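Reader: I have the sequence and the model open. Could you take me through what they show?

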Amino acid sequence: MASLKKHKSQEMGLHDEVLTGRTQQVFFNPEESENFFYHDAYDVDFNKRTEIDANNLDCREINDKIKNMMSKGYGTIVIKNPGSKHSVGVGILNKLNLIVDGSLGYFGIGSVDGPTVRISGRVGWSCAENMMAGKVVVEKNAGSCFGAAIRGGDLICKGSVGARSGIDMKGGTIIVGGDAGAFTGFMMQRGRIVILGDVGPNLGDSLYDGTIFVGGDIKSLGADAVEAEMTDLDVAWLKRKLKVSEIDKKVDFKKMTKIVSGKKLWNYDNLEPTERKGAI
Amino acid sequence: MCGIAGIIHKGKSTNVGGEMQKMLQSLKHRGPDSTGYALYGDGESNNYILRFKVGENVKEGSSAIMEDASIYEARKDEVNKKIEEAGAKIHKQAQITPYSFRYVISYKGGDLLDLAKLIESVEMTEILSLGKSLELIKDIGDATVVADNYGLNKFNGTHGIGHTRMATESGVDIRSAHPYWAYPFSDVSVVHNGQLTNYWNNRRTLEKKGMRFMSSCDSELIAVYLADKIRSGVELKDAMRGSLEDLDGVFTYLVATKDKLGMAKDHMAAKPMVLYESKDLVALASEEVAIRTVLPKEIDTYDPYEGEVKVWQA
């Protein structure tokens, strides 16, 4: 069994899982200073609030309006009548308090880095795909590929999610209050998934790394996924994260099942600079 | 990609043609090549409604072979003779487009297969549907174009399914468009989104059993598969469950009968389906935007899971 050398990131609770026979991890130095700059990132004031009525707008017009409002310093934006439209709220690269008063279609809140988003309805496929940092809370259900390829941030669905949640996930946390479908955590490479309900077949199939916690029944494990022992650190982390997720559900954390990769995989394990930023 | 949609009202007849037109038009981006409707109306007492075509739509973008339109009239006369030859009687006949027709017929014969075979013996003739409440309409163009051309916006009924097609594995023509009638069973239709990878194995097996295929579209296999099971006395829901084991690939499909609407999703759950259910109706579609066209309010929807089969009663 490979043992991890103690590092500050572990003390912070970022990496606590027991790795069994896997490749060497190279952790970043949290003290390291880095300067990131995005062209379309704005300084906004959370106290400046505005509303966008999306009723007769297409997704491009809605996203243009969000950008325009952010450029004027609005830090709290409410989208009314989103009507399950696709690709709404994508590419937001700064802090923002975005409130979606309704449901979104596919690819909502994709490729974001920093905003806090609340969606009072449901989301379609691939919500928050490629998210780097921020927090997205979905009050109702979500479609498949929830949090596909996210690299950081917290993605929370209070209802149930479809198949392949956390597919290709490279960091961050996904928390689901209800059930999840087949192939949850498929090809997951880092980060954590917490499912409080039941999970469908092939959980963690082709899992490279990362940890999946399940509160309910697991239909079956996928290739490369193995059960691991819950630690006190896991329980402490779960308690903290569940508080952040605002899911009002009594959970016996010690009875949750922990799933990790049981296979040794090479040369995927260096953190990317953007992931470092998300983790910091 | 393709888009599929369906709606069923529980115990109520309404403007289901208009509803399906709105739902399918909102899915145009998923399939711009052709649109099809399977609508379940109030019927014509004990008579059958026969929808058939004697040629293809050869407008720009079609992959069908150009024909002189004058031949359609001769084919229609030939069909009329075949109907009489089968012992059926034509009560009403309407020419909807130069190549497609809607008849109301009575048929006292035992097996619809005999009647269907005779009609389809006429060159280029294909029965789109033959049922007591089903009317199956499909053509090249988006949902609005097809609904306008066939007068579907005023169609009343309890339920319907429909399809917007992006042609990937067969031609842009009516015969490759969905829905498919589960020949020769009256009032059974299917729409499908996905790919079937064991199409030829299943097709050969079913053809050996005498089942007929009109296209090389993999989606037709589902209709024929279900027809074969129903012919063997298998209940619809059980036949659908069996399809999840026997058909390989990624797929979500809808099936409708005279008074039921069902959905099935394969074990990979790779094709989308969003579902809304209330005490009055069930609406399903590849995307929630389609459901919102008939229910323009905040609604609770969900994605059915892998391997799920559901059937609802009108």
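Reader: Where do the two chains meet, and how many residues does the contact take from each?
Author: The contact takes 21 residues from chain A and 14 residues from chain B, where two residues are in contact if their C-beta atoms, placed from the backbone, lie within 7 Å. The side of chain A that touches chain B has four nonpolar, 14 polar and three charged residues. Here Ala, Val, Leu, Ile, Met, Phe, Trp, Tyr, Cys and Pro count as nonpolar, Asp, Glu, Lys and Arg as charged, and the others, Gly among them, as polar. Please note that this is a predicted model, in which local features need pLDDT of at least 70, side-chain atom pairs count only at pLDDT 80 or more, and totals for chains, interfaces and linings use all residues. Residues are numbered from 1 along each chain as its sequence is written, while chains are lettered from A and ligands numbered from 1 in the order in which they are written.

Reader: What domains is chain B divided into?
Author: Chain B has domain 1 (3–43 + 154–313) and domain 2 (44–132), with bounds that come from an automatic or database domain assignment. Their C-alpha centres lie 23 Å apart. The contact between them takes 14 residues from domain 1 of chain B and 20 residues from domain 2 of chain B.

Reader: And which residues have the most contacts inside the largest nonpolar core?
Author: They are L226(B), L254(B) and A285(B), in a core of 83 residues. A nonpolar core is a set of buried Ala, Val, Leu, Ile, Met, Phe, Trp, Tyr and Cys residues joined through C-beta atoms within 7 Å. A residue is buried if 20 or more other C-beta atoms lie within 10 Å of its own, exposed if 12 or fewer, and partly exposed in between, with C-beta atoms placed from the backbone. Helix α6 (residues 218–231) of chain B gives the most to this core, with seven residues. The core draws at least three residues from each of domain 1 and domain 2 of chain B.

Reader: What does L254(B) touch?
Author: Leaving aside residues up to four places away in sequence, L254(B) touches several residues, including I4(B), V191(B) and L284(B).

Reader: Turning to the sheet in chain B, what is the strand order?
Author: This open sheet of five strands runs β9-β10-β11-β12-β15 (chain B), with antiparallel pairing. Helices (H or I, at least four residues) and strands (E, at least two) are DSSP runs, numbered from the N terminus, and two strands pair if DSSP finds at least two bridges between them. The edge strands are β9 (180–181) and β15 (309–313) of chain B. Helix α7 (residues 236–246) of chain B packs on the sheet, touching β11, β12 (260–265) and β15 of chain B.

Reader: How many bridges join β10 to β11 there?
Author: Eight bridges join β10 (residues 189–196) of chain B to β11 (residues 249–256) of chain B. One of the partnered residues is G194(B), opposite F251(B) in β11(B).

Reader: How many helices and strands does chain A have?
Author: Chain A has four helices and 11 strands. Of its 280 residues, 51% count as buried.

Reader: Finally, N130(A): why does it count as buried?
Author: N130(A) counts as buried because it has 20 C-beta neighbours inside 10 Å. Its place is in the loop between β4 (113–119) and β5 (133–138) of chain A. Not counting residues up to four places away in sequence, N130(A) touches G110(A), S111(A), A149(A) and I150(A).

How values were computed: Axes are lines fitted to C-alpha atoms, for helices over the stretch in contact, and angles run from 0 to 180 degrees between N-to-C directions.
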